[in-house]
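Biologist: Hi! Could you pull up the model so we can walk through it together?
Modeller: Sure, here it comes.

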Amino acid sequence: KSIKVFAPATVANVGPGFDVLGFALNDIGDELEVSMTSDDKIRINKIEGYEDLPTDPGQNVVGIAIRALLQELNLDQGFEITIKKRVMPGSGLGSSASSSAAAVYAANVLLGNPFSKRELVKFAMEGERASSGKAHADNVAPSLLGGFTLVRSYGPLDVVSLQYPKNMFATVVHPQIEVKTADSKRILKKEVSLEVAISQWGNVAGLVAGLASGDFDLIGRSLEDHIIEPVRSVLIPGYAGAKHQAMASGALGCSISGSGPSIFALSEGKTTAKKIAKAFEGYYSELNIDHRVYISDI
Ligand code: HSE
């Protein structure tokens, strides 16, 4: 038995929601071809796109996530996997999460769906633990469930799919430098003041409320991140200028995608999303920094 699956790239944090909020980008993601074998070995045959990633299943997030799923079932089952990587590692677009999500989804289908999609999140998180040092779920949850998701709690894991308005678009620019999630997690401060925490949870709640009621203005007012962005933005070339370009083009808000260096802007409608894409293009071309721009509905 064999299956081909696609799991989308994702934007984690979404402004103020560090490690708890994320959304899926519909048009970009990794593809996996997975088949069950008659032995108990997990084999990664080929990684197309980024050949320098490890094919050792104990080192690759795909093998690690499937192993976590098998362990829960107390099962020794072999799989053969081909990975087509479309999401660049170190981009801040949930590259490892996309592969992990696709892997556990495919294995689950081949095994006759012992788990729901929501239950698969905890296995895919093991891939994140291996790649970034922390089993965060804000990329794997939207990659598996689609749309916007909230990790309400990590202990116990409580993942909620959020309501959000139609006509939401994301424009993403990826300046082509690699930022390792583990590094960009290390530079974060361990403590925040009560004053800053208040402004942050006001924004998280405002964002969730704005998404649920389709209040684009409230979404826009709530996208500022007072904790992580000031620290991480220094790792991203041209960050302040890119954000300025997005806001001047009508974005609801603009912030770092995951741990960077990608930057995302949210907008109401495709026309604005395209305008932002053009502004990002022009800006990074002028700076002479290689970049890729994506537009996706959510
Ligand atoms: N929430 C994680 C972080 C996502 O910002 O470190 C990594 O893509």
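Biologist: How many aromatic pairs are there?
Modeller: The count is five aromatic pairs, and keep in mind that this is a predicted model. One of the pairs is Phe 23 with Phe 148, which is tilted, at 5.0 Å centre to centre and with 45° between the planes.

Biologist: Where do Phe 23 and Phe 148 sit along the chain?
Modeller: Phe 23 is in strand S2 (residues 21-36) and Phe 148 is in strand S5 (residues 148-154). They are 125 residues apart, and the pair links distant parts of the chain.

Biologist: Is Phe 23 buried or exposed?
Modeller: Phe 23 has a relative accessible area of 0%, so this residue is buried. Phe 148 counts as buried because its relative accessibility is 1%, and the cut-off for buried is under 20%.

Biologist: Which residues make up the aromatic cluster with those two?
Modeller: Tyr 164 and Phe 264 join Phe 23 and Phe 148 in one aromatic cluster.

Biologist: And what kind of pair do Tyr 283 and Tyr 284 form?
Modeller: That pair is edge-to-face, because the planes of Tyr 283 and Tyr 284 are at 75°; edge-to-face needs planes over 60 degrees apart. The ring centres of Tyr 283 and Tyr 284 are 5.1 Å apart, and both residues are buried.

Biologist: Changing topic a bit: which ring does the charged end of Lys 134 sit over?
Modeller: The charged end of Lys 134 sits over the ring of Tyr 154, at 5.1 Å from the ring centre. Lys 134 also belongs to a network of salt bridges with Asp 19 and Lys 185.

Biologist: Nice, so on to salt bridges. How many does the structure hold?
Modeller: There are 14 salt bridges in the structure. Side chains of opposite charge can pair when their charged atoms come close.

Biologist: Which side chains does Arg 43 meet?
Modeller: Arg 43 forms a salt bridge with Asp 39, at 3.2 Å from N to O. Arg 43 also has a salt bridge with Glu 80, where the closest N and O atoms are 3.7 Å apart.

Biologist: What does the Glu 80 and Arg 43 pair tie together?
Modeller: Glu 80 lies in strand S4 (residues 79-84) and Arg 43 in strand S3 (residues 42-48), so this salt bridge ties together parts that are 37 residues apart in sequence.

Biologist: How accessible are the residues in those two bridges?
Modeller: Arg 43 is partly exposed, at 31% relative accessibility. Asp 39 is partly exposed at 30%, and Glu 80 is partly exposed with a relative accessible area of 28%.

Biologist: What about a salt bridge inside a helix? Say, Glu 126 and Arg 129?
Modeller: The side chains of Glu 126 and Arg 129 meet in a salt bridge at 2.9 Å, N to O. Both residues are in helix H3 (residues 117-132); being three residues apart there, they are separated by about one helical turn. Glu 126 is partly exposed at 25%, and Arg 129 is partly exposed at 43%.

Biologist: Last topic: how much space lies in the largest cavity?
Modeller: About 40 Å³ lies in the largest cavity, and the count comes to one cavity of 30 Å³ or more.

Biologist: Which residues line the largest cavity?
Modeller: The lining is Asn 13, Gly 15, Asp 225, Ile 228, Arg 232, Ser 255, Ile 256 and Gly 258. By class, that lining has two nonpolar, four polar and two charged residues.

Conventions
Residues are numbered from 1 along each chain as its sequence is written. This is a predicted model: local features need pLDDT of at least 70, side-chain atom pairs count only at pLDDT 80 or more; totals for chains, interfaces and linings use all residues. Side-chain values use heavy atoms; hydrogens and water are left out. On a 1 Å grid over the protein atoms alone, a cavity is a set of points where a 1.4 Å probe fits but cannot get out, and a pocket is an open set with protein on both sides within 12 Å along at least five of seven lines; lining residues have an atom within 4 Å of a point. Grid points are joined across faces, edges and corners, and a volume is the space filled by probe spheres set on the points. Ala, Val, Leu, Ile, Met, Phe, Trp, Tyr, Cys and Pro count as nonpolar, Asp, Glu, Lys and Arg as charged, and the others, Gly among them, as polar. Rings of Phe, Tyr and Trp (its six-membered ring) pair if their centres lie within 6.5 Å; planes under 30 degrees apart count as stacked, over 60 as edge-to-face and the rest as tilted. Helices (H or I, at least four residues) and strands (E, at least two) are DSSP runs, numbered from the N terminus. Buried means under 20% relative accessible area, exposed over 50%, partly exposed in between (1.4 Å probe, protein chains only). A charge sits over a ring if NZ of Lys or CZ of Arg is within 6 Å of the ring centre and within 35 degrees of the ring normal. A salt bridge is a side-chain nitrogen of Lys or Arg within 4 Å of a carboxyl oxygen of Asp or Glu.
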